[in-house]
Amino acid sequence: MDGLILPGNVTAVIGADAYRFIAARHRLPGVVAGFETSDILRAVLMLLEMIADGEPRILNEYTRFSDDRGNAAALAAVREVFAPRDSVWRGLGTVPGSGLGLNEAYAAFDAGTLLDGEVPPVPDPPGCICGDVIVGAREPEECTLFGGRCTPSRPAGACMVSGEGACAAHYLYGGGAA
Amino acid sequence: MRCSLSLRRGGGVNGEPGGRGAGIERVTLDMGGGGRLSAELVRDVFLAGYGNELLERLDDAAEFRLDGARIAFTTDSYTVKPLFFPGGDIGRLSVCGTVNDLSVKGARPHAVSAAFVIEEGFPVDGLKRVVRSMRDAAAEAGVRIVTGDTKVVRRGEADGLFITTSGVGGIIPGMDISCAGARPGDAVIVSGAVGRHGAAILNARERLGFEPGPESDVAPVRGIVDALAPVARSLRAMRDPTRGGLAGALNEIALASRVAMRIFEDGVPVDAAVRACCAILGLDPLRLACEGRVVIIADAAASGEILLLVRAAGGADAAVIGEVTGPRGDPGVPPVSVESAMGTARLLPLLDGDPVPRIC
């Protein structure tokens, strides 16, 4: 991997400083980007410039809505209600402390605990390669469901749900062809 | 009511087989959103229950002959929240929405009914305000409210006020408008800036605090449609892009007409306030409702004249926004695509529901 395009919406809450370790520890450049076509193009340009200079840093392209430190009020609300928790990530598995869950004070509202065992897990449909798509190991077009059994109006796998899913984006911007 | 050819064929929307809603036991909010799930509910419950050749067209208004006259007839319920919003209120909406469903069938609205479901405790002053709005909107649209009904339910059994209006009108001679009329080569025209109603409701209801906030465009489109009478024979299809916005209206026309369309994103008029609201919230202005706009599919040769007529009738921002590119291709692929200023293209499918519920 050569660089990261970082999520502008998340950064509006947590601030770009949260990503500094990626450049410092892993020598990877990152750019916080917005969601317009021009945002993405600009982020790619900034990444390429850093790669060319051999100087990985974390830069912010989405300064109209985010800064280094984030939204103090939003962060305070998150801290009041949530606590870090192990979380399962599609394609990656369980990563310790990588998610948020309601903390003890709000446990009475935690549907995950209240309904524990009552909500059956929903496995990916046979043939779905969402996990591989998300980690960039395979292209959506390599999936036998893509564009046939799995489309944005009738998704079979998670990546086809909502315009933000990797497969949905491939479908909508690639002309829908399998 | 919504039109969609795929419903008439009895298959799923976008030509895909099978309805996911078929096995669902309870009504969900999205089934009232004007998207795919609404269409399935209409097909599986209402058409299955009392379908007939007029209802099955699923046009904005039914068209039939009564003692020789060509009549358009329609009905709509209004549950908008909040009842009063920037640019209008439930009263103005309940008149405009119904007369606009007549107008886009090529009819001149003649008379309207109004039925009220009122929650016990609702302030009479508020009711009077709504009624004044209805009177003013009716005058603007050139109709009278000639019959009605009032029901009061116990506190908690309705949310303030719901209004149902029906409307009847005579079809303008020479007009032959249906969702299924679009042909390859036709121009796609919109009568003004899109997305204002949806954005205004969202900003007001969720107290988002956008200032200056978007104002609803709620208004009768009768003046615009009347002005098109001289070019009636060049008009192929019309819709008022309410729930589902421009994207919904274009998909419905494309599906019913079995054609594909390309929209030029830069050509679609969008107000600065709506654009800002959408950019921050990640919404697509093409999917936000309008309540005072009309989408016109017409012979491209007449598009210049149509633009002049629409602009002269009050549609100052009217624009040609796209074209009908050809017959529909692969039935599994959504028929409407959008081309950006950079030349990239994306598909614009019907959504399951609506991004902003209870807008009308």
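Start at B:Glu119, whose side chain reaches the backbone nitrogen of B:Gly160 at 2.8 Å. That same side chain also reaches the backbone nitrogen of B:Gly156, at 2.6 Å. Keep in mind that this is a predicted model. B:Glu119 sits in strand 5 of chain B, which covers residues 107-119. Now for the odd bit: B:Glu119 is buried yet has no salt bridge. The nearest side chain of opposite charge belongs to B:Arg155, and that is 5.9 Å away, while a salt bridge needs nitrogen and oxygen within 4 Å, so this pair doesn't count as one. What does B:Glu119 touch, once residues up to four places away in sequence are set aside? The list is B:Val152, B:Val153, B:Arg154, B:Arg155, B:Gly156, B:Glu157, B:Ala158, B:Asp159 and B:Gly160.

So much for a charged residue without a salt bridge; what about the ones that have them? Side chains of opposite charge can pair when their charged atoms come close. Across all chains, a search of the whole structure turns up 29 salt bridges. Take B:Lys151 and B:Asp149, where the closest N and O atoms are 2.6 Å apart. B:Lys151 is partly exposed at 46% relative accessibility, and B:Asp149 is partly exposed too, at 34%. Over in chain A, the side chains of A:Arg20 and A:Asp17 meet in a salt bridge, 2.9 Å from N to O. Here A:Arg20 has 30% relative accessibility and counts as partly exposed; A:Asp17, at 38%, also counts as partly exposed.

B:Arg262 and B:Glu339 form another salt bridge, with 3.9 Å between the closest N and O atoms. B:Arg262 lies in strand 10 of chain B and B:Glu339 in strand 13 of chain B, so this pair ties together parts that are 77 residues apart in sequence. B:Arg262 is partly exposed, with a relative accessible area of 30%, and B:Glu339 is partly exposed at 26%. Elsewhere, salt bridges with shared partners join B:Asp59, B:Glu63, B:Arg70 and B:Lys105 into one network.

Those two strands lead on to the nonpolar interior. The largest nonpolar core has 32 residues, and those with the most contacts inside it are B:Val188, B:Leu246, B:Met261 and B:Ile297. Among the chain B elements that give two or more residues to this core are strand 8 (187-190), strand 10 (259-264), strand 11 (295-298) and strand 13 (336-339), along with helix 8 (272-281). Which element gives the most to this core? That would be helix 7 of chain B, with six residues.

B:Met261 is a good place to look around. Leaving aside neighbours within four places in sequence, B:Met261 is in contact with residues including B:Val188, B:Leu250, B:Ile253, B:Ala254 and B:Ile297, as well as B:Glu323, B:Val324 and B:Thr325. Its contacts also include B:Pro335, B:Val336 and B:Ser337. Apart from this core lies another, of 27 residues, among them B:Val99, B:Phe116, B:Ala289 and B:Ile359.

Finally, how far to trust all this? The model scores ipTM 0.75 and pTM 0.85. Chain B has a mean pLDDT of 90, with 92% of its residues at 70 or more. Residues 1-22 of chain B are another story: their pLDDT is below 50, although the stretch has 75 contacts in the model beyond near neighbours in sequence. Where pLDDT is low, the predicted coordinates should not be read in detail.

How values were computed: Residues numbered from 1 in each chain as written. Chains lettered and ligands numbered in written order. Predicted model: local features only at pLDDT ≥ 70, side-chain atom pairs only at ≥ 80, totals over all residues. Heavy atoms only, no water. pLDDT = per-residue confidence, 0-100. Contact = heavy atoms within 4.5 Å. Core = buried A, V, L, I, M, F, W, Y, C linked by side-chain atoms within 4.5 Å. Buried < 20%, exposed > 50% of the residue type's maximum accessible area, 1.4 Å probe, protein only. Helix = DSSP H or I, 4+ residues; strand = E, 2+ residues; numbered from the N terminus. Lys, Arg positive; Asp, Glu negative; His and termini not counted. Polar contact = N/O pair within 3.5 Å; in protein donor to acceptor, adjacent residues only side chain to side chain.
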